[in-house]
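Work through the exercises below with the sequence and the coordinates open. Each task is followed by a solution in steps.

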Amino acid sequence: MKAFWMATAAAVLLGGCSTVPGGMETPSEAVAPSSEDARVADLLSRMSLERKVAQLIQPQINSFTAEDMRRYRFGSYLNGGNGGPYGDEFAEASEWLRLADEMYLASVAPMENGEPVIPTMWGTDAVHGHTNVVRATVFPHNIGLGATRDPDLLRRIGEATAVEIEVTGIDWNFSPTVAVARDDRWGRTYESYSEDPAIVAPLGAALVEGLQGPKGDPDRLGAGHVIATAKHFFGDGGTDKGVDQGEVTGDIEALKKVHAAPYPAAIDAGVEAVMASFNSINGRKMHGNEALLTGVLRDELGFDGLVVGDWNGHGQVAGCTNTDCPQSLLAGLDIYMVPDEWKGLLETLVAQVNDGTIPMAKLDEAVSRVLRVKMRAGLLDEFVEPSNRPNAGDYELLGSPEHRAIAREAVAKSQVLLKNNGVLPLKGGANILVAGTAADDIAQASGGWTLTWQGGGELDNRYFPGATSIWSGLEAAVEESGGQATLSVDGSYSAKPDVAVVVFGEEPYAEFAGDRKHLGFSDEEGLGLLRKFKAEGVPTVAVFLSGRPMWVNRELNAADAFVASWLPGSEGAGVADVLTGAHPATGKLGFSWPATCDSGPLNGPDGALFPVGYGRSLEDTAAIPMLDETCDALLAGASSEWFVNGRFETGISASAGGTDLPNLRGSAAGVSVRGIDRNAQEDSREITFSPGSSLTIAQEGEGAGAYRILYRVKQRPVQPVTLATGTATIDLTQPLSVAAEKDWREMIITQECAAGLGDSLTFTSAGTFSFDIATITREELAEGTDCSF
């Protein structure tokens, strides 16, 4: 971006432009109103209704073209969590910059009717670094940064992230998240700095200053800075039972004291955008809540920037759809994030202004906020295509040594030592064994919102050039001390090691896919390794990767030292710095650590095994008592919910041709599965079969009950399709033909049509065929219930 707009150099964008070297055009300087308000009013007076509405429409890059941009002149656009330039989410940075140029140039092409030309802006979710882009620095997620309690560090992370964003020509970051997570079962807990708003507020404000530059600084929103967004206003971290996009209930003033508390600090820091939250408060969706979006955010807190919606969040407002929602604009939303159905919404809004449903004054108010933010960011100063802006195309800045050093510092400062009987710091010259599948897995250490929306899955270390896994960091540190380090994923060895470091934890997830019914950690790989080494007399250090505090009493009992490592990202050497004593253990919990696995909201010391603020130094070797290892939730059989909210429940898996398809995603043996939206982003799957291919979905152990599958068929099958379960095989060809083009339907499979009902489902298609699945559950139905489709 260019430097902050200075009134003495102000120039209004006119329909007629003068050409400058390089083929770009620059605004005419014939008229130069001296104030923000005057400039905005002048622009509004010369914009058509259609161009005004277009400023409020934000589609995603995979649903429109540069020609669409030239035709409609969208005010902004975004890349979704699984969206990349030209359909490639792993595209090199140069492709991101090329697309930025294409869209920008289309947005500033001269207008035939003499209207003012308003450049577009690109927004992205760079929530822990510019992590949609290969080679970018991956910083720890917010839950780890909250453990640092270091605003200066957050400010430097914001600055580094802004520079890496500028490399790819992007203008706007949908960050920081200033949610106050109050129920750790919530799948976005790791996006929160703390359960305590007093910890969240200064860290969020510091990241804003790093991204945008400090208020009053002449370089604010200039070179090295991008537009920041505080999100999600408000209550996202306070939903009942931690259900993402769910309901927040309670006295509004009490809720504001917790969940709106971080926003004054972000506003004081000059944040230019606020994102509305998906959740409801006392029955009313935030995207349509005028009392809160306008009454609280603007009138009470004094926010004068723009309010942007979340992914089709307006479509969840009562009486709305994705293409018809005047309620959001009337409530105070300025930009609709409408990823795919942008054309229908644009046309509807134009019609609603014409028929008086939306007053022109209300439209102008929203458009003026968008223009004002663009003005402050220098986008209305002069036309400069993204590739000619500061830092653009300097690809060495992505994952630069300086940025990785900041990330490594952040990792070290975020490690929270929960237990240490004296095995830490690791002694120089020791023989160290490093075990666990997560030890050399950068994707798992990075969590969700890393190259892909959900993270993990197909990503291996080749996708992270220049990064350092926890194993690699330990190997280098141990060898530097004169010791020996060996990676043994399964914990086997020929010579008994002095110490074993076991790295384990949660698999990556994002948003609602990470919602949990309880906080018991169920994966027993780490537990098995810790108990194995204990039986063999090998001291152990547990390094736990997670997006939230979890009940790990069994692992705490089995380990000699235990480190909450959170989701450290691409610089695993920061973990080694603490384990070896090169950096002191300074991290402090930002969340209460649960003593039991089935606890609901846990905020404060009551019921906590370790309270907020807990974190040992390496010198603290005081013993902790043996902990209760009872967790009834972990004793339950396979879940009756197999596939819900875009994710398998524990014990459920999918495969094709013997190849695992984690969380029903990916391609193998002629079967291709991709995420699609039903009620929320990628909460469902489109499954495509090539001729003769099969997909199997199964549970571990024995289950009970009939199958209920919510599905959709767009085109009828032309070759036989079957479903096998247990000893039965059902011909689905006719039922699926009947279901074609009839939207979502339920398929119920019982003993009546599948005698010997089994614990797996295998779909096979003789020809090319595709259908969608939203949910799969098992449940007990009345005896004699017929199958239905």
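**Exercise 1. The second largest pocket**

Task: State which residues lie nearest the centre of the second largest pocket, and describe its lining.

Solution. The model is a predicted one.
- Step 1. Of the 25 residues that line the second largest pocket, W311, N312, D340, I676 and D677 lie nearest its centre.
- Step 2. The space in this pocket comes to about 580 Å³.
- Step 3. Sorted by class, the lining holds 13 polar, 8 charged and 4 nonpolar residues.
- Step 4. Strand β27 (residues 671-676) supplies the largest share of the lining, 3 residues.

**Exercise 2. The partners of β27**

Task: Find which strands pair with β27, and in what sense.

Solution.
- Step 1. Strand β26 (residues 666-668) pairs with β27 in the antiparallel sense, over 3 bridges. Within this pairing, G666 stands opposite V673 of β27.
- Step 2. The hairpin of β26 and β27 has 2 residues between its strands, and A669 there takes a positive phi near 50 degrees.
- Step 3. Strand β28 (residues 684-689) also pairs with β27 in the antiparallel sense, over 6 bridges. Here G675 is opposite R685 in β28.

**Exercise 3. Enclosed space**

Task: Say how many cavities of 30 Å³ or more the structure holds, and describe the lining of the largest cavity.

Solution.
- Step 1. Rolling a probe the size of a water molecule over the atoms shows where empty space is left.
- Step 2. The count of cavities of 30 Å³ or more is 9.
- Step 3. The largest cavity has a volume of about 140 Å³.
- Step 4. Its lining consists of 19 residues, with D310, W311, W449, E511 and Q681 nearest the centre. W311 is thus named for this cavity and for the second largest pocket.
- Step 5. By class, the lining of the largest cavity has 8 nonpolar, 6 polar and 5 charged residues.

**Exercise 4. An open sheet and its edges**

Task: Give the strand order of the 6-stranded open sheet, and say why β25 and β32 each have one side without a neighbour.

Solution.
- Step 1. Strands of a sheet pair through backbone hydrogen bonds, either parallel or antiparallel.
- Step 2. In this sheet the order is β25-β24-β29-β34-β31-β32, with antiparallel pairing.
- Step 3. β25 (659-660) and β32 (728-731) are at the edges and each has a single partner strand, so one side of each is left without a neighbour in the sheet.

**Exercise 5. Both sides of β31**

Task: Identify the partners of β31 and assign its residues to a covered or an uncovered face.

Solution.
- Step 1. Strand β31 (residues 721-725) is joined to β32 by 4 bridges, and the two run antiparallel. T722 has D731 of β32 as its bridge partner, while L723 stands opposite I730 in β32.
- Step 2. Another 4 bridges join β31 to strand β34 (residues 760-765), again antiparallel. In β34, F763 is the bridge partner of L723.
- Step 3. The hairpin of β31 and β32 has 2 residues between the strands, and G726 takes a positive phi near 60 degrees.
- Step 4. In a regular strand the side chains alternate between the two faces of the sheet.
- Step 5. For β31, the covered face carries V721, L723 and T725, and the uncovered face carries T722 and A724.

**Exercise 6. A glycine in a loop**

Task: Locate G482 and decide whether this residue is buried or exposed.

Solution.
- Step 1. G482 sits in the loop between α16 (470-480) and β16 (484-487).
- Step 2. The relative accessible area of G482 is 56%. Exposed means over 50%, so G482 is exposed.
- Step 3. G428 is 54 residues away from G482 along the chain, yet their C-alpha atoms are separated by 6.2 Å.

**Exercise 7. The whole chain**

Task: Decide how compact the protein chain is for its length, and describe its nonpolar cores.

Solution.
- Step 1. The protein chain contains 21 helices and 35 strands.
- Step 2. Its radius of gyration is 27 Å, close to the 28 Å given by the globule rule for 789 residues, so the chain is as compact as a globular protein of that length.
- Step 3. Of the 789 residues, 61% are buried.
- Step 4. The largest nonpolar core has 114 residues, and I57, W172, F233 and F234 have the most contacts inside it. Helix α7 (residues 197-212) gives the most to this core, 8 residues.
- Step 5. Apart from this core lies another, of 41 residues, including V416, V502, V538 and F562.

Key:
Residues numbered from 1 in each chain as written. Predicted model: local features only at pLDDT ≥ 70, side-chain atom pairs only at ≥ 80, totals over all residues. Heavy atoms only, no water. 1 Å grid on protein atoms, 1.4 Å probe; cavity = no way out; pocket = protein on both sides within 12 Å on 5 of 7 lines; lining within 4 Å. Points joined across faces, edges and corners; volume = space filled by probe spheres on them. Nonpolar A, V, L, I, M, F, W, Y, C, P; charged D, E, K, R; others polar. Core = buried A, V, L, I, M, F, W, Y, C linked by side-chain atoms within 4.5 Å. Buried < 20%, exposed > 50% of the residue type's maximum accessible area, 1.4 Å probe, protein only. Pairing = 2+ DSSP bridges. Rg over C-alpha atoms; globule rule 2.2 N^0.38 Å.
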